[in-house]
Amino acid sequence: MEKEYLDRKANSSTTKHLFGSGLLGKGDKKRNDLLKELNSFKKRDYSFSNGHILGSMCTQPHPIAKEAYISFLETNLGDPELFPGTKQIESNLIQFIKELLHAPTTATGQIVSGGTEGNITAMWIAKKLTGKKEIIIPDSAHFSFQKIASLMDMKLVAIPMTKEYTLDITKIKEKITKNTAAVVGIAGSTELGTIDPIPELSDICYDENIFCHVDAAFGGYIIPFLKELNYDVPEFDFKLDGVSTISIDAHKMGYSAIPLGALIIRDGKWFDQISVDSPYISVKKHAGILGTRSGGPVAGAYAVARYLGMDGYKKVVENCMNTTKYAEEKLDEIGLDLVIKPTMNVLGVKLSKPEKVAKKLSEYGWRVNTMNHLSCIRIVLMPQITKKIIDEFIPIFKKSCEEVGEL
Ligand SMILES: Cc1ncc(COP(=O)(O)O)c(C=O)c1O
């Protein structure tokens, strides 16, 4: 391999790049064979683009995200002074998300790979600020909190859910102790898209001076627009004085390419807690978990934010909610019930044999997710899911249910 590289370089009339100057042109057999091989792997994947992935909270990225992503492929935001333009895009994206979440001017943000890293970073800050190790979480919290407990030697204190599948706020005060590092609320739960009573949680945390993290990895790009569309949803963001940090993912309802999440932090000074000296690179201090990270997804998410703007995102959410309503009606027509009335574009369909139905559906080329706590399957009506796709899906869903004796 090494030898070949040197030979090719010697034969090349330009010093550009191994893969530049037509070296990998259409006549290159090795390239063609390799692309064929890659394609054969790709064919085994499910794809967002045909709408058959119905259980995922990720999405087919907006086309503008793809273009922007590719053109920033070789940038490294871990060494920002080498890439001041890309760094500026990142600052602009953080500013956009801060505005979306009504963050104060003192706030700062960290671009992360997604909800898991956002939650880890938030709990890292909470642990460093308080020197304490207990995290109070609702039973509905994402499994990233299990990782946090293991990774940072922290203890999870679980709060049961109400019959609406939200955190039971009446149980919070009794769980707060001198060891509490943080309390977590979920704005858009992984299983059913429910929203915890964040205003009440924020008040308690404010009064008791407790760090309050809101996991809005899924709901962060939905709830602000649901409010504008007059849906009855609670406040969840920095308008609430007790909220300390918020995780929000652009690679979920932000219509962007993976991996792209953000952690917004109420007080920029808290960032010092997770900063270290950084010799060898262009900045003196480095914060957060990752070192080298691509500017590609950042450029992608920024491009989507600029292309759609707040009005565009509102339209996306409106479409998703219309499709959700449509799917709800169609499920009702075939005699299936929901676990709860949906808060957002997530449907929990009650089934007695969810695993069997999901397996049957995957044999027919459709993917839905089963849930940990609940006997149901989850259908997420992401932007690429249209009413036409629901019309294709429902007869196959009905047939799958019948074949396993569910209907
Ligand atoms: C509420 C919530 N938080 C965190 C995560 C983790 O996000 P990621 O898989 O992007 O790390 C998810 C994933 O679905 C989620 O739904």
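Author: Before we start, the radius of gyration here is taken over C-alpha atoms, and the globule rule is 2.2 Å times the number of residues to the power 0.38. Keep in mind that this is a predicted model.

Reader: What radius of gyration does the protein chain have, and why does it agree with a compact globule?

Author: Start from the chain's 407 residues, for which a compact globule would come out near 22 Å. The protein chain agrees with that, because its own radius of gyration is 23 Å.

Reader: How many of the contacts in the protein chain, as a percentage, join residues 24 or more positions apart?

Author: Only contacts with a separation of 6 or more go into this tally. Among those, the share from residues 24 or more positions apart is 72%.

Reader: How many buried residues does helix α2 have?

Author: Over the whole protein chain, 44% of the 407 residues count as buried. Helix α2 covers residues 29-42 and reaches 20 Å from its first C-alpha to its last. This helix is hardly covered, and among its 14 residues the buried count is 0.

Reader: At what angle do helix α3 and helix α10 pack?

Author: α3 is residues 63-71 and α10 is residues 296-333. Their axes lie 7 Å apart, and the crossing is right-handed. The angle is about 145 degrees.

Reader: How many nonpolar residues are in the contact of α3 with α10?

Author: On the α3 side you'll find Ile64 and Tyr69, among others, while the α10 side includes Pro297, Val304 and Tyr307. The residues of this contact include 3 polar and no charged ones. The nonpolar count is 10.

Terms used
Residues numbered from 1 in each chain as written. Predicted model: local features only at pLDDT ≥ 70, side-chain atom pairs only at ≥ 80, totals over all residues. Axes fitted to C-alpha atoms, helices over the stretch in contact; angles between N-to-C directions. Helix = DSSP H or I, 4+ residues; strand = E, 2+ residues; numbered from the N terminus. Left-handed = near helix turned anticlockwise from the far one by under 90°. Contact = placed C-beta atoms within 7 Å. Nonpolar A, V, L, I, M, F, W, Y, C, P; charged D, E, K, R; others polar. Buried ≥ 20, exposed ≤ 12 C-beta atoms within 10 Å, placed from the backbone. Expected span 1.5 Å × (residues − 1).
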